[in-house]
Amino acid sequence: MGGKSSQEAFYEAAIPTARFLNVSDDFKDKSGRFPNTFPTEQVVKDVIGNLGIEKSDSLVIYAQSGKTIGATRAFVILSSFGFDSVRILDGGLSKYTELGYPTTKGEDFKGEKSELSGLKDPSEIRANIHELVDFSLKK
């Protein structure tokens, strides 16, 4: 395997004002049955709050590499919790730099944390096992 982690890549080159969100390690319910269980509201509040992000902020999510699954996962999670202005950067960081836009060395966020409240219940986007069984058996 080897290679750089996305966080190491972020420290080398990031879009100015970007903040690093470790989707695979932090943006999940670590007490869940599965490795990438959808995060709880408290996880979202803690992780996003520690980045100083408010629910009303306009967010553009991008991947450090060509792999967009993390950015897509972050988009779905944030959208489902009611963050209304979330988009994914078309082409990611590679397209951004290819077009000649500037990057900076990424840094850990040291600003003021936000206190998120009024998040939406994300349950409307999830199907439970009973719904799936009923659907598959055409009940």
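Author: Welcome! In this predicted model, helices are DSSP runs of type H or I with at least four residues, strands are E runs of at least two, and both are numbered from the N terminus. With that rule, the elements of the protein read α-α-α-β-α-β-α-α from the N terminus on.

Reader: How many helices and strands does the protein have?

Author: The secondary structure comes to six helices and two strands.

Reader: Where is Gln64, and why is Gln64 called buried?

Author: Gln64 is in the loop between strand E1 (59–61) and helix H4 (69–80). Its relative accessibility is 17%, and buried means under 20%, so Gln64 counts as buried.

Reader: What makes Ala13 a polar contact of the Gln64 side chain?

Author: The side chain of Gln64 reaches the backbone oxygen of Ala13 at 3.1 Å. The limit for a pair of N or O atoms is 3.5 Å, so the distance of 3.1 Å falls within the limit. The backbone oxygen of Ala9 passes too: it lies 3.4 Å from a polar atom of the Gln64 side chain, again within 3.5 Å.

Reader: Which residues is Gln64 in contact with, leaving aside neighbours within four places in sequence?

Author: Those partners are Ser6, Ala9, Phe10, Ala13 and Leu93. Two of these names return in a second, separate core of seven residues, which includes Phe10, Ala14, Phe20 and Leu93.

Reader: Which residues touch the most other members in the largest nonpolar core?

Author: That core has 21 residues, and Leu21, Phe27, Val44, Ile48, Leu78, Phe81 and Phe83 touch the most other members. Helix H3 (41–50), E1 and H4 each supply at least two residues of this core. In soluble globular proteins, nonpolar side chains tend to be buried together.

Reader: What does Ile48 touch, not counting residues up to four places away in sequence?

Author: Ile48 touches Leu21, Phe27, Ile53, Leu78, Phe83, Ser114 and Leu116.

Reader: Now for the surface. Why does Val133 count as partly exposed?

Author: Val133 lies in helix H6 (residues 129–136) and has 38% relative accessibility. Buried means under 20% and exposed over 50%; Val133, at 38%, therefore counts as partly exposed.

Reader: What makes Val133 eligible for a nonpolar patch on the surface?

Author: Patch residues need over 30% relative accessible area, and Val133 has 38%. Val133 forms the patch with Ile129, Leu132, Phe135 and Leu137, with about 540 Å² of accessible area together.

Reader: And what part of the protein counts as buried?

Author: Of the 139 residues, 32% count as buried.

Terms used. Residues are numbered from 1 along each chain as its sequence is written. This is a predicted model: local features need pLDDT of at least 70, side-chain atom pairs count only at pLDDT 80 or more; totals for chains, interfaces and linings use all residues. Side-chain values use heavy atoms; hydrogens and water are left out. Buried means under 20% relative accessible area, exposed over 50%, partly exposed in between (1.4 Å probe, protein chains only). A polar contact is a pair of N or O atoms within 3.5 Å; within protein, one must be able to donate a hydrogen and the other to accept it, and residues adjacent in sequence count only if both atoms are side-chain atoms. Contact means heavy atoms within 4.5 Å. Patches are made of residues with over 30% relative accessible area and no salt bridge: like charges are joined within 9 Å, nonpolar side chains (Val, Leu, Ile, Met, Phe, Trp, Tyr) within 5 Å. Accessible areas come from the Shrake-Rupley method with a 1.4 Å probe; for residues, only the protein chains shown count as cover. A salt bridge is a side-chain nitrogen of Lys or Arg within 4 Å of a carboxyl oxygen of Asp or Glu. A nonpolar core is a set of buried Ala, Val, Leu, Ile, Met, Phe, Trp, Tyr and Cys residues joined through side-chain atoms within 4.5 Å.
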